[in-house]
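Reader: I am new to reading structures, and I would like to understand how the words used to describe them are justified. Could we go through one together?

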Amino acid sequence: MNYGYARCSTNEHKQDINRQIRELKAAGAEEIFLEYEHGDSKIKSQQSAMLDKAQAGDTVITLEVPRLARSTKQLCEIIDQIREKN
């Protein structure tokens with residue numbers, strides 16, 4: 001399964017997430033998880049749900065690294081979480 005992850009820092013009235021959704025679909029995302037949450041937030045419920053659902057062999061697509069993680073530390077934590085699942 002190819003999962004897409006789209007995130008905007010502010011609510012839907014201030015930022016349009018549709019560009020990310022269109023580009024994720026064009027890149028092959030079959031299921032897209034999206035949320036409006038600040039990048040520095042410790043809890044991103046949709047990102048967590050996507051990572052929990054993903055299985056070995058699945059692909060996670062994001063358009064830019066800052067959509068997935070705002071720091072190297074956050075990115076390393078996500079990579080560690082994925083590695084634990086194989």
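Reader: Why is R83 called exposed or buried, whichever of the two applies?

Author: Please keep in mind that this is a predicted model. R83 has a relative accessible area of 61%, and because exposed means over 50%, R83 is called exposed. This residue lies in helix α4, and its C-alpha atom is separated by 20 Å from that of S45, which is 38 residues apart from R83 along the chain.

Reader: What makes N86 count as buried or exposed?

Author: The relative accessibility of N86 is 75%, and since the cut-off for exposed is over 50%, N86 counts as exposed. N86 is found in the segment after α4, and from C-alpha to C-alpha it is 23 Å apart from R67, with their positions 19 residues apart in sequence.

Reader: How do you know whether Q20 is buried or exposed?

Author: Here the value is 5% relative accessibility, and buried means under 20%, so Q20 counts as buried. Q20 lies in helix α1, which covers residues 18-26. Setting aside residues up to four places away in sequence, Q20 touches Y5, A6, R7, C8, L63 and R67.

Reader: What makes the pair of R7 and Q20 a polar contact?

Author: The backbone oxygen of R7 lies 3.1 Å from a polar atom of the side chain of Q20, and a polar contact requires a pair of N or O atoms within 3.5 Å, so the distance in this pair meets the cut-off.

Reader: Why is Q46 given the label it has, with 29% relative accessibility?

Author: A residue is buried under 20% and exposed over 50%, with partly exposed in between, so Q46, at 29%, counts as partly exposed. Q46 is found in helix α2, and, not counting residues up to four places away in sequence, it touches Y5, F33, L34 and E35.

Reader: What label does T10 receive at 31% relative accessibility?

Author: The value of 31% falls in between the two cut-offs of 20% and 50%, and therefore T10 counts as partly exposed. T10 has its place in the loop between β1 and α1, and it touches Q15 and Y36 when residues up to four places away in sequence are not counted.

Reader: Which residues make up the largest nonpolar core, and what makes them a core?

Author: The members are Y3, Y5, F33, M50, L51, A54, L68, A69 and I78, 9 residues in all. They are called a nonpolar core because such a set consists of buried residues of certain nonpolar kinds, joined through side-chain atoms within 4.5 Å. At least two residues of this core are supplied by each of β1 (2-8) and α2. A second, separate core has 7 residues, including A6, C8, L24 and A29.

Reader: Which residues lie nearest the centre of the largest pocket, and how many line it?

Author: The lining has 15 residues, and S41, K42, K44, Q74 and E77 lie nearest the centre of this pocket. The elements that give two or more residues to the lining are α2 (45-53) and α4 (72-85), and α4 gives the most, with 5 residues.

Reader: How is the lining of the largest pocket divided by class, and how much space lies in the pocket?

Author: By class, the lining has 4 nonpolar, 6 polar and 5 charged residues, while about 290 Å³ of space lies in the largest pocket.

Technical notes. Residues are numbered from 1 along each chain as its sequence is written. This is a predicted model: local features need pLDDT of at least 70, side-chain atom pairs count only at pLDDT 80 or more; totals for chains, interfaces and linings use all residues. Side-chain values use heavy atoms; hydrogens and water are left out. Helices (H or I, at least four residues) and strands (E, at least two) are DSSP runs, numbered from the N terminus. Buried means under 20% relative accessible area, exposed over 50%, partly exposed in between (1.4 Å probe, protein chains only). A polar contact is a pair of N or O atoms within 3.5 Å; within protein, one must be able to donate a hydrogen and the other to accept it, and residues adjacent in sequence count only if both atoms are side-chain atoms. Contact means heavy atoms within 4.5 Å. On a 1 Å grid over the protein atoms alone, a cavity is a set of points where a 1.4 Å probe fits but cannot get out, and a pocket is an open set with protein on both sides within 12 Å along at least five of seven lines; lining residues have an atom within 4 Å of a point. Grid points are joined across faces, edges and corners, and a volume is the space filled by probe spheres set on the points. Ala, Val, Leu, Ile, Met, Phe, Trp, Tyr, Cys and Pro count as nonpolar, Asp, Glu, Lys and Arg as charged, and the others, Gly among them, as polar.
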